Amino acid sequence: MVRLPVPVLSRRRFAQFGAAACGLAVLGRPARAPAAEPGAQSIKLRAAPTRVRLLPDEFPETDVWTYDGAEPGPTLHVQQNVPLSVAVENALPEATTVHWHGVRVPNAMDGVPGLTQPAIKPGEAFTYAFTPPDAGTFLYHSHADSLAQVGRGLAGALIVGEAAPPKVDRELVWVVQDWRLTPNGSIAPGFGNRMEAAMSGRVGNTVTINGRVTDAIPVRAGARVRLRIINAATGRLMRLAFAGHQPVVIARDGQPCDPHEPADGRLLLGPAMRADIMLDMAAEPGSRHAITDDFYGDELAYALTELVYDPGPPVRAHALDAPVRLRPNPLAEPDLASAVRHDIAIAGGMMSGMGMMGGMGMMRRRATWAINGVSMTGDGQKDMPPLFTIPRGRSCVLALNNETAWWHPMHLHGHSFRVLMRNGVGVPHREWGDTVLLAPRERAEIAFVADNPGDWMFHCHVTDHQMTGLMGVIRVA
Ligand SMILES: [Cu+2]
(Lines give C-alpha, C1' and ligand atoms only; values in the text may rest on other atoms or scores of the structure.)
Protein backbone atom coordinates (compact mmCIF):
# COMPACT_ATOMS: atom_id res chain seq x y z
CA MET A 1 0.00 0.00 0.00
CA VAL A 2 1.38 3.35 -0.99
CA ARG A 3 1.51 6.10 1.59
CA LEU A 4 1.47 9.76 0.81
CA PRO A 5 4.94 11.26 1.01
CA VAL A 6 3.90 14.06 3.36
CA PRO A 7 1.07 14.44 5.80
CA VAL A 8 -1.11 17.03 4.20
CA LEU A 9 -3.72 17.82 6.76
CA SER A 10 -2.26 17.03 10.11
CA ARG A 11 -3.53 18.87 13.13
CA ARG A 12 -0.07 20.30 13.63
CA ARG A 13 0.03 21.77 10.18
CA PHE A 14 -3.39 23.07 10.65
CA ALA A 15 -2.63 24.67 13.89
CA GLN A 16 -0.76 27.27 11.90
CA PHE A 17 -4.09 28.53 10.86
CA GLY A 18 -5.80 28.54 14.22
CA ALA A 19 -9.49 28.60 13.59
CA ALA A 20 -9.02 27.50 10.04
CA ALA A 21 -7.62 24.29 11.43
CA CYS A 22 -10.92 23.02 12.65
CA GLY A 23 -12.59 23.55 9.40
CA LEU A 24 -10.58 23.67 6.36
CA ALA A 25 -13.83 23.86 5.35
CA VAL A 26 -15.82 26.09 3.59
CA LEU A 27 -19.05 27.46 3.11
CA GLY A 28 -21.15 27.01 0.17
CA ARG A 29 -21.88 30.51 -0.68
CA PRO A 30 -24.73 30.60 -3.12
CA ALA A 31 -23.64 30.28 -6.71
CA ARG A 32 -22.70 33.61 -8.16
CA ALA A 33 -25.05 35.38 -10.45
CA PRO A 34 -24.72 34.53 -14.12
CA ALA A 35 -22.14 36.65 -15.86
CA ALA A 36 -24.51 37.02 -18.77
CA GLU A 37 -28.05 38.27 -18.88
CA PRO A 38 -30.49 35.38 -19.06
CA GLY A 39 -30.74 34.10 -22.58
CA ALA A 40 -27.92 36.22 -23.94
CA GLN A 41 -25.28 33.48 -23.74
CA SER A 42 -22.57 36.00 -24.39
CA ILE A 43 -20.03 36.14 -21.61
CA LYS A 44 -16.78 37.97 -20.95
CA LEU A 45 -14.05 36.61 -18.72
CA ARG A 46 -10.92 38.50 -17.78
CA ALA A 47 -8.04 36.45 -16.42
CA ALA A 48 -5.93 38.54 -14.08
CA PRO A 49 -3.99 38.49 -10.81
CA THR A 50 -6.21 39.40 -7.87
CA ARG A 51 -6.03 39.45 -4.09
CA VAL A 52 -8.90 37.59 -2.42
CA ARG A 53 -9.93 36.26 0.95
CA LEU A 54 -9.71 32.46 1.13
CA LEU A 55 -9.14 32.15 4.88
CA PRO A 56 -11.25 33.37 7.80
CA ASP A 57 -11.15 37.09 8.56
CA GLU A 58 -8.36 36.96 11.14
CA PHE A 59 -5.90 35.67 8.52
CA PRO A 60 -4.28 37.50 5.61
CA GLU A 61 -5.67 37.60 2.10
CA THR A 62 -4.09 35.60 -0.71
CA ASP A 63 -2.71 36.63 -4.09
CA VAL A 64 -4.39 34.40 -6.67
CA TRP A 65 -5.17 34.38 -10.38
CA THR A 66 -8.85 34.76 -11.17
CA TYR A 67 -11.47 35.06 -13.85
CA ASP A 68 -13.31 38.37 -13.39
CA GLY A 69 -11.73 38.96 -9.99
CA ALA A 70 -13.68 36.09 -8.42
CA GLU A 71 -12.23 33.00 -6.77
CA PRO A 72 -13.27 30.58 -8.13
CA GLY A 73 -14.29 32.15 -11.42
CA PRO A 74 -17.94 33.15 -11.74
CA THR A 75 -20.38 30.26 -12.04
CA LEU A 76 -21.58 30.42 -15.63
CA HIS A 77 -25.23 29.42 -16.01
CA VAL A 78 -26.02 28.70 -19.65
CA GLN A 79 -28.64 26.91 -21.67
CA GLN A 80 -28.34 23.60 -23.49
CA ASN A 81 -28.46 23.79 -27.31
CA VAL A 82 -28.16 27.58 -27.33
CA PRO A 83 -25.01 29.07 -28.91
CA LEU A 84 -22.61 30.43 -26.34
CA SER A 85 -19.68 32.77 -26.78
CA VAL A 86 -17.11 33.54 -24.12
CA ALA A 87 -14.62 36.31 -24.80
CA VAL A 88 -11.51 35.69 -22.73
CA GLU A 89 -9.14 38.57 -22.11
CA ASN A 90 -5.70 37.75 -20.80
CA ALA A 91 -4.42 40.20 -18.21
CA LEU A 92 -2.03 37.64 -16.70
CA PRO A 93 1.74 37.96 -16.95
CA GLU A 94 1.87 34.83 -19.14
CA ALA A 95 -0.05 33.12 -21.94
CA THR A 96 -3.24 31.22 -21.13
CA THR A 97 -6.16 29.28 -22.61
CA VAL A 98 -9.53 28.11 -21.29
CA HIS A 99 -10.62 24.47 -21.50
CA TRP A 100 -14.34 23.62 -21.16
CA HIS A 101 -13.92 20.39 -19.27
CA GLY A 102 -16.48 17.75 -20.20
CA VAL A 103 -18.28 19.87 -22.77
CA ARG A 104 -18.32 18.25 -26.22
CA VAL A 105 -17.03 21.32 -28.04
CA PRO A 106 -15.63 21.58 -31.58
CA ASN A 107 -11.92 20.82 -31.53
CA ALA A 108 -10.83 24.40 -32.24
CA MET A 109 -12.66 25.54 -29.08
CA ASP A 110 -11.04 22.98 -26.76
CA GLY A 111 -8.43 25.35 -25.37
CA VAL A 112 -5.31 23.18 -25.59
CA PRO A 113 -2.31 25.38 -26.40
CA GLY A 114 -0.29 24.20 -29.37
CA LEU A 115 -2.75 21.46 -30.26
CA THR A 116 -6.05 23.30 -30.82
CA GLN A 117 -5.08 26.98 -30.67
CA PRO A 118 -2.11 29.24 -30.02
CA ALA A 119 -2.11 30.28 -26.37
CA ILE A 120 -3.63 33.70 -25.68
CA LYS A 121 -0.69 36.02 -25.07
CA PRO A 122 -0.73 38.63 -22.29
CA GLY A 123 -2.82 41.60 -23.39
CA GLU A 124 -4.59 39.58 -26.09
CA ALA A 125 -8.04 38.00 -26.24
CA PHE A 126 -9.76 34.98 -27.75
CA THR A 127 -13.44 34.24 -28.12
CA TYR A 128 -14.62 30.69 -27.55
CA ALA A 129 -17.85 29.90 -29.36
CA PHE A 130 -19.76 26.64 -29.10
CA THR A 131 -23.21 25.26 -28.42
CA PRO A 132 -23.37 23.08 -25.29
CA PRO A 133 -24.98 19.80 -26.40
CA ASP A 134 -25.37 18.36 -22.91
CA ALA A 135 -27.03 19.68 -19.77
CA GLY A 136 -25.03 19.17 -16.61
CA THR A 137 -22.27 20.21 -14.25
CA PHE A 138 -19.08 21.16 -16.03
CA LEU A 139 -15.85 22.94 -15.23
CA TYR A 140 -13.78 25.53 -17.01
CA HIS A 141 -10.11 25.99 -16.28
CA SER A 142 -6.81 27.06 -17.73
CA HIS A 143 -4.99 24.49 -19.86
CA ALA A 144 -1.76 26.51 -20.18
CA ASP A 145 1.02 26.28 -17.60
CA SER A 146 -1.74 24.21 -16.04
CA LEU A 147 -0.14 23.27 -12.76
CA ALA A 148 0.61 26.84 -11.74
CA GLN A 149 -2.39 28.50 -13.41
CA VAL A 150 -5.04 26.15 -12.04
CA GLY A 151 -3.06 25.91 -8.81
CA ARG A 152 -3.29 29.71 -8.49
CA GLY A 153 -7.03 29.57 -8.95
CA LEU A 154 -7.98 29.70 -12.64
CA ALA A 155 -11.07 27.49 -12.53
CA GLY A 156 -14.84 27.88 -12.28
CA ALA A 157 -18.16 26.10 -12.73
CA LEU A 158 -20.10 25.91 -15.99
CA ILE A 159 -23.69 24.86 -15.36
CA VAL A 160 -25.74 23.89 -18.40
CA GLY A 161 -29.35 23.89 -17.27
CA GLU A 162 -31.86 21.14 -18.03
CA ALA A 163 -35.09 21.89 -19.86
CA ALA A 164 -37.04 20.26 -17.02
CA PRO A 165 -34.95 20.16 -13.84
CA PRO A 166 -36.06 17.92 -10.98
CA LYS A 167 -37.99 19.60 -8.19
CA VAL A 168 -35.80 20.70 -5.29
CA ASP A 169 -35.97 23.33 -2.58
CA ARG A 170 -32.48 24.61 -3.17
CA GLU A 171 -29.54 24.12 -5.47
CA LEU A 172 -25.91 24.54 -4.44
CA VAL A 173 -22.81 24.58 -6.63
CA TRP A 174 -19.59 23.80 -4.79
CA VAL A 175 -16.29 24.39 -6.51
CA VAL A 176 -13.89 22.63 -4.16
CA GLN A 177 -10.28 23.73 -4.42
CA ASP A 178 -7.12 22.70 -2.64
CA TRP A 179 -4.40 25.20 -1.78
CA ARG A 180 -0.94 24.91 -0.34
CA LEU A 181 -0.69 28.07 1.71
CA THR A 182 2.13 29.41 3.85
CA PRO A 183 1.38 30.73 7.36
CA ASN A 184 1.11 34.25 5.94
CA GLY A 185 -1.68 33.14 3.64
CA SER A 186 0.26 33.19 0.37
CA ILE A 187 0.43 30.35 -2.12
CA ALA A 188 3.51 28.26 -1.38
CA PRO A 189 6.09 28.19 -4.18
CA GLY A 190 7.49 25.00 -5.62
CA PHE A 191 5.02 24.04 -8.33
CA GLY A 192 6.44 21.16 -10.34
CA ASN A 193 8.50 19.49 -7.61
CA ARG A 194 9.96 16.37 -9.27
CA MET A 195 9.50 14.15 -6.27
CA GLU A 196 5.85 15.09 -5.85
CA ALA A 197 5.24 14.70 -9.56
CA ALA A 198 6.44 11.10 -9.33
CA MET A 199 4.01 10.41 -6.50
CA SER A 200 0.66 11.95 -5.57
CA GLY A 201 1.22 15.36 -7.15
CA ARG A 202 1.04 18.64 -5.26
CA VAL A 203 -1.55 18.26 -2.52
CA GLY A 204 -2.30 21.31 -0.38
CA ASN A 205 -3.18 22.07 3.22
CA THR A 206 -6.31 24.17 2.83
CA VAL A 207 -9.54 23.15 1.12
CA THR A 208 -12.08 25.77 0.12
CA ILE A 209 -15.66 25.61 -1.10
CA ASN A 210 -16.38 28.42 -3.53
CA GLY A 211 -13.20 30.19 -2.50
CA ARG A 212 -13.63 30.31 1.28
CA VAL A 213 -12.76 28.21 4.26
CA THR A 214 -16.05 28.10 6.16
CA ASP A 215 -17.36 25.93 8.91
CA ALA A 216 -21.07 25.72 8.32
CA ILE A 217 -23.72 25.31 5.65
CA PRO A 218 -27.06 26.48 7.03
CA VAL A 219 -29.92 24.18 6.03
CA ARG A 220 -33.61 23.68 6.84
CA ALA A 221 -35.02 20.35 8.04
CA GLY A 222 -37.20 18.65 5.44
CA ALA A 223 -35.65 20.45 2.48
CA ARG A 224 -34.33 18.69 -0.61
CA VAL A 225 -31.05 20.12 -1.87
CA ARG A 226 -29.40 19.43 -5.19
CA LEU A 227 -25.69 19.71 -4.65
CA ARG A 228 -23.34 19.98 -7.61
CA ILE A 229 -19.84 19.16 -6.35
CA ILE A 230 -16.83 19.91 -8.53
CA ASN A 231 -13.37 18.74 -7.52
CA ALA A 232 -11.31 21.60 -8.96
CA ALA A 233 -8.09 20.58 -7.17
CA THR A 234 -4.93 19.90 -9.15
CA GLY A 235 -3.93 16.86 -7.08
CA ARG A 236 -6.20 16.15 -4.14
CA LEU A 237 -8.63 13.24 -4.31
CA MET A 238 -11.68 13.39 -2.06
CA ARG A 239 -13.93 10.76 -0.51
CA LEU A 240 -16.82 12.55 1.12
CA ALA A 241 -19.04 11.09 3.82
CA PHE A 242 -22.25 12.88 4.79
CA ALA A 243 -22.86 11.99 8.44
CA GLY A 244 -26.52 11.28 9.14
CA HIS A 245 -27.51 11.71 5.50
CA GLN A 246 -27.94 9.51 2.46
CA PRO A 247 -26.72 11.25 -0.68
CA VAL A 248 -28.19 10.00 -3.94
CA VAL A 249 -25.99 10.41 -7.00
CA ILE A 250 -28.01 11.53 -10.02
CA ALA A 251 -25.20 12.52 -12.39
CA ARG A 252 -21.46 12.04 -12.77
CA ASP A 253 -19.28 14.35 -14.80
CA GLY A 254 -22.44 16.14 -15.92
CA GLN A 255 -24.01 13.00 -17.37
CA PRO A 256 -27.17 11.58 -15.77
CA CYS A 257 -26.93 8.11 -14.24
CA ASP A 258 -29.33 5.76 -12.49
CA PRO A 259 -30.00 7.45 -9.13
CA HIS A 260 -28.03 5.49 -6.54
CA GLU A 261 -26.33 5.79 -3.20
CA PRO A 262 -22.55 5.75 -3.61
CA ALA A 263 -20.55 2.75 -2.42
CA ASP A 264 -20.17 2.87 1.39
CA GLY A 265 -22.26 6.04 1.24
CA ARG A 266 -19.09 7.94 0.36
CA LEU A 267 -18.54 10.00 -2.74
CA LEU A 268 -15.16 9.51 -4.43
CA LEU A 269 -14.01 12.38 -6.63
CA GLY A 270 -10.64 12.76 -8.29
CA PRO A 271 -9.44 16.06 -9.71
CA ALA A 272 -11.83 17.50 -12.34
CA MET A 273 -14.56 14.98 -11.51
CA ARG A 274 -18.06 16.15 -10.65
CA ALA A 275 -21.15 14.66 -9.07
CA ASP A 276 -24.71 15.90 -8.78
CA ILE A 277 -26.29 14.58 -5.62
CA MET A 278 -29.69 14.88 -4.04
CA LEU A 279 -29.64 15.42 -0.29
CA ASP A 280 -32.82 15.23 1.77
CA MET A 281 -32.32 17.15 5.01
CA ALA A 282 -33.81 14.40 7.15
CA ALA A 283 -32.16 15.20 10.49
CA GLU A 284 -33.54 17.09 13.48
CA PRO A 285 -33.90 20.86 13.54
CA GLY A 286 -30.97 22.41 15.41
CA SER A 287 -28.60 19.45 14.75
CA ARG A 288 -25.15 19.55 13.10
CA HIS A 289 -23.64 16.97 10.73
CA ALA A 290 -20.10 16.92 9.38
CA ILE A 291 -19.18 16.30 5.76
CA THR A 292 -15.80 14.64 6.08
CA ASP A 293 -13.13 13.72 3.58
CA ASP A 294 -11.14 10.65 4.61
CA PHE A 295 -9.52 9.75 1.29
CA TYR A 296 -5.99 9.90 2.74
CA GLY A 297 -6.90 7.83 5.78
CA ASP A 298 -8.19 8.48 9.27
CA GLU A 299 -5.13 10.43 10.37
CA LEU A 300 -5.53 12.95 7.58
CA ALA A 301 -9.32 13.06 7.57
CA TYR A 302 -10.85 16.48 8.03
CA ALA A 303 -14.27 18.09 8.06
CA LEU A 304 -14.90 19.82 4.76
CA THR A 305 -17.85 21.56 6.36
CA GLU A 306 -20.92 20.94 8.52
CA LEU A 307 -24.58 20.94 7.68
CA VAL A 308 -26.09 23.15 10.38
CA TYR A 309 -29.85 22.81 10.77
CA ASP A 310 -32.02 25.78 11.52
CA PRO A 311 -33.86 25.24 14.83
CA GLY A 312 -37.20 26.03 13.18
CA PRO A 313 -39.76 23.38 12.21
CA PRO A 314 -39.20 21.24 9.09
CA VAL A 315 -40.33 22.74 5.81
CA ARG A 316 -42.36 19.57 5.21
CA ALA A 317 -43.43 16.63 7.35
CA HIS A 318 -42.16 13.89 5.01
CA ALA A 319 -39.38 13.78 2.45
CA LEU A 320 -40.29 15.37 -0.85
CA ASP A 321 -42.06 12.84 -3.05
CA ALA A 322 -40.73 13.83 -6.46
CA PRO A 323 -38.62 11.98 -9.02
CA VAL A 324 -34.88 12.65 -9.00
CA ARG A 325 -33.92 10.91 -12.25
CA LEU A 326 -32.56 13.24 -14.91
CA ARG A 327 -33.29 12.94 -18.60
CA PRO A 328 -30.28 11.54 -20.47
CA ASN A 329 -28.20 13.76 -22.71
CA PRO A 330 -28.03 12.99 -26.45
CA LEU A 331 -24.97 10.73 -26.26
CA ALA A 332 -24.56 8.09 -28.93
CA GLU A 333 -24.53 4.58 -27.47
CA PRO A 334 -21.32 2.76 -28.43
CA ASP A 335 -21.80 -0.45 -30.40
CA LEU A 336 -19.51 -2.87 -28.62
CA ALA A 337 -19.80 -5.57 -31.28
CA SER A 338 -18.26 -3.39 -33.98
CA ALA A 339 -16.01 -1.24 -31.78
CA VAL A 340 -12.33 -0.76 -32.44
CA ARG A 341 -10.27 -1.62 -29.41
CA HIS A 342 -7.12 -0.01 -28.12
CA ASP A 343 -5.02 -0.87 -25.11
CA ILE A 344 -3.66 1.96 -23.01
CA ALA A 345 -0.84 1.17 -20.60
CA ILE A 346 -0.13 3.77 -17.94
CA ALA A 347 3.34 3.48 -16.46
CA GLY A 348 5.89 5.37 -14.43
CA GLY A 349 6.14 7.13 -11.11
CA MET A 350 7.73 5.99 -7.89
CA MET A 351 7.51 2.33 -6.93
CA SER A 352 6.27 1.42 -10.37
CA GLY A 353 9.30 -0.22 -11.86
CA MET A 354 10.64 2.81 -13.65
CA GLY A 355 13.41 0.60 -14.92
CA MET A 356 10.87 -0.78 -17.31
CA MET A 357 10.44 2.62 -18.87
CA GLY A 358 12.50 3.29 -21.89
CA GLY A 359 12.52 4.37 -25.46
CA MET A 360 12.38 7.72 -27.12
CA GLY A 361 9.37 8.92 -25.21
CA MET A 362 11.02 8.91 -21.84
CA MET A 363 13.86 10.99 -23.18
CA ARG A 364 11.57 13.94 -23.43
CA ARG A 365 12.00 16.76 -20.99
CA ARG A 366 10.82 16.14 -17.42
CA ALA A 367 9.16 12.85 -18.26
CA THR A 368 8.18 10.73 -15.29
CA TRP A 369 5.10 8.98 -16.66
CA ALA A 370 4.16 7.45 -19.99
CA ILE A 371 1.19 6.20 -21.99
CA ASN A 372 2.08 3.19 -24.14
CA GLY A 373 5.73 4.07 -23.67
CA VAL A 374 5.40 7.65 -24.89
CA SER A 375 5.57 10.73 -22.68
CA MET A 376 3.93 13.93 -23.74
CA THR A 377 4.79 16.63 -21.24
CA GLY A 378 3.48 20.10 -20.47
CA ASP A 379 0.09 21.38 -21.55
CA GLY A 380 -0.07 20.32 -25.17
CA GLN A 381 2.39 20.17 -28.02
CA LYS A 382 2.15 21.04 -31.64
CA ASP A 383 2.63 18.21 -34.10
CA MET A 384 2.52 15.54 -31.42
CA PRO A 385 1.83 12.27 -33.23
CA PRO A 386 -1.39 10.65 -32.01
CA LEU A 387 -1.32 7.44 -29.99
CA PHE A 388 -3.76 6.11 -32.59
CA THR A 389 -6.48 7.26 -34.96
CA ILE A 390 -10.12 6.26 -34.66
CA PRO A 391 -12.25 6.51 -37.80
CA ARG A 392 -14.90 9.17 -37.28
CA GLY A 393 -18.22 7.69 -36.24
CA ARG A 394 -16.76 4.39 -35.06
CA SER A 395 -17.36 3.02 -31.62
CA CYS A 396 -14.20 2.58 -29.60
CA VAL A 397 -13.30 0.61 -26.50
CA LEU A 398 -10.25 1.74 -24.56
CA ALA A 399 -8.80 -0.85 -22.22
CA LEU A 400 -6.90 1.12 -19.61
CA ASN A 401 -4.28 -0.57 -17.50
CA ASN A 402 -2.84 1.41 -14.61
CA GLU A 403 0.49 -0.31 -14.08
CA THR A 404 1.51 2.23 -11.46
CA ALA A 405 1.25 2.51 -7.69
CA TRP A 406 -0.75 5.77 -7.89
CA TRP A 407 -4.27 7.01 -8.56
CA HIS A 408 -4.98 8.56 -11.96
CA PRO A 409 -8.17 10.38 -13.02
CA MET A 410 -7.87 9.93 -16.79
CA HIS A 411 -9.67 12.58 -18.83
CA LEU A 412 -10.64 12.36 -22.50
CA HIS A 413 -11.35 15.63 -24.25
CA GLY A 414 -14.22 16.15 -26.68
CA HIS A 415 -16.25 13.07 -25.74
CA SER A 416 -18.12 11.43 -22.90
CA PHE A 417 -17.65 7.70 -22.45
CA ARG A 418 -19.36 4.85 -20.71
CA VAL A 419 -17.41 3.09 -18.01
CA LEU A 420 -18.01 -0.58 -18.80
CA MET A 421 -15.75 -2.63 -16.57
CA ARG A 422 -13.38 -2.34 -13.64
CA ASN A 423 -10.93 -5.18 -13.11
CA GLY A 424 -13.12 -7.31 -15.35
CA VAL A 425 -16.35 -6.64 -13.47
CA GLY A 426 -19.24 -4.71 -15.00
CA VAL A 427 -19.88 -1.19 -13.67
CA PRO A 428 -23.49 -0.56 -12.59
CA HIS A 429 -25.71 2.52 -12.80
CA ARG A 430 -25.20 3.36 -16.45
CA GLU A 431 -22.17 5.42 -15.58
CA TRP A 432 -20.95 7.94 -18.12
CA GLY A 433 -18.07 10.28 -17.59
CA ASP A 434 -15.30 12.33 -19.11
CA THR A 435 -12.81 11.38 -16.39
CA VAL A 436 -12.35 7.83 -15.14
CA LEU A 437 -10.56 7.37 -11.84
CA LEU A 438 -8.10 4.48 -11.82
CA ALA A 439 -6.92 3.09 -8.50
CA PRO A 440 -3.34 1.78 -8.28
CA ARG A 441 -2.95 -1.29 -10.55
CA GLU A 442 -6.59 -1.02 -11.60
CA ARG A 443 -7.83 -1.89 -15.09
CA ALA A 444 -10.91 -0.32 -16.62
CA GLU A 445 -12.68 -0.43 -19.95
CA ILE A 446 -14.44 2.60 -21.34
CA ALA A 447 -16.40 2.97 -24.58
CA PHE A 448 -17.58 5.86 -26.68
CA VAL A 449 -18.57 6.79 -30.20
CA ALA A 450 -15.77 8.80 -31.80
CA ASP A 451 -18.16 11.31 -33.32
CA ASN A 452 -16.22 14.50 -32.68
CA PRO A 453 -13.40 14.98 -35.22
CA GLY A 454 -10.02 16.34 -34.22
CA ASP A 455 -6.93 15.74 -32.15
CA TRP A 456 -8.02 15.25 -28.55
CA MET A 457 -6.04 15.18 -25.35
CA PHE A 458 -6.21 12.09 -23.20
CA HIS A 459 -4.43 12.78 -19.93
CA CYS A 460 -4.27 12.38 -16.20
CA HIS A 461 -5.94 15.22 -14.30
CA VAL A 462 -3.47 15.08 -11.44
CA THR A 463 -1.80 18.04 -13.03
CA ASP A 464 1.71 17.12 -11.90
CA HIS A 465 1.28 13.78 -13.68
CA GLN A 466 0.01 15.46 -16.85
CA MET A 467 2.90 17.90 -16.92
CA THR A 468 5.45 15.11 -16.54
CA GLY A 469 4.26 12.80 -19.26
CA LEU A 470 0.86 11.26 -18.50
CA MET A 471 -0.73 12.72 -21.58
CA GLY A 472 -1.30 11.71 -25.15
CA VAL A 473 -3.31 12.59 -28.24
CA ILE A 474 -6.14 10.54 -29.72
CA ARG A 475 -7.09 11.47 -33.26
CA VAL A 476 -10.64 11.14 -34.58
CA ALA A 477 -10.66 11.45 -38.36
CU1 LIG B 1 -2.16 10.67 -12.66
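Is Asp57 buried or exposed in this structure? Asp57 is exposed, its relative accessible area being 57%, where exposed stands for over 50% relative accessible area, buried for under 20%, and partly exposed for what lies in between, with a 1.4 Å probe and only the protein chains counted.

Before I go on, a word on the model: it is predicted, so that local features need a pLDDT of at least 70 and side-chain atom pairs count only at pLDDT 80 or more, while totals for chains, interfaces and linings use all residues. Residues are numbered from 1 along each chain as its sequence is written, and side-chain values use heavy atoms, with hydrogens and water left out.

Let me begin with the salt bridges. Side chains of opposite charge can pair when their charged atoms come close. Here a salt bridge is a side-chain nitrogen of Lys or Arg within 4 Å of a carboxyl oxygen of Asp or Glu, and the whole structure holds 27 of them. Asp57 is part of one, its side chain meeting that of Arg212 at 3.3 Å, N to O. Asp57 sits in the loop between β1 (42-52) and β2 (62-67), and Arg212 in the loop between β10 (206-209) and β11 (216-219), so this pair ties together parts that are 155 residues apart in sequence. Strands, I should say, are DSSP runs of E with at least two residues, and helices are runs of H or I with at least four, both numbered from the N terminus. Arg212, at 23% relative accessibility, counts as partly exposed.

A second pair is Asp276 with Arg228, whose closest N and O atoms are 3.4 Å apart. Asp276 belongs to strand β17 (residues 274-280) and Arg228 to strand β12 (residues 224-231), so parts 48 residues apart in sequence are tied together by this pair. Asp276 is buried, at 1% relative accessibility, and Arg228 is buried too, with a relative accessible area of 2%.

The third pair I picked is Arg266 and Asp294, whose side chains meet at 2.6 Å, N to O. It links distant parts of the chain, 28 residues apart, with Arg266 in strand β16 (residues 266-269) and Asp294 in the loop between β18 (288-293) and β19 (302-309). Arg266 is partly exposed at 25%, whereas Asp294, at 14% relative accessibility, counts as buried. Salt bridges that share partners also join Glu162, Glu171, Arg226, Arg228 and Asp276 into one network.

Now to the empty space inside. A cavity is a set of points, on a 1 Å grid over the protein atoms alone, where a 1.4 Å probe fits but cannot get out, and its lining residues have an atom within 4 Å of a point. By this rule there are six cavities of 30 Å³ or more, and the largest holds about 90 Å³ of space, a volume being the space filled by probe spheres set on the points, which are joined across faces, edges and corners. Its lining has 15 residues, with His141, Val150, Ala233, His461 and Thr463 nearest its centre. At least two lining residues come from each of β7 (136-142), α3 (146-151) and α5 (463-467), and β7 gives the largest share, three residues.

Lastly, Ala144 lies in the loop between β7 and α3 and counts as buried, at 5% relative accessibility. The C-alpha atoms of Ala144 and Gly114 are 9.6 Å apart, with their positions 30 residues apart along the chain.

Key
On a 1 Å grid over the protein atoms alone, a cavity is a set of points where a 1.4 Å probe fits but cannot get out, and a pocket is an open set with protein on both sides within 12 Å along at least five of seven lines; lining residues have an atom within 4 Å of a point.
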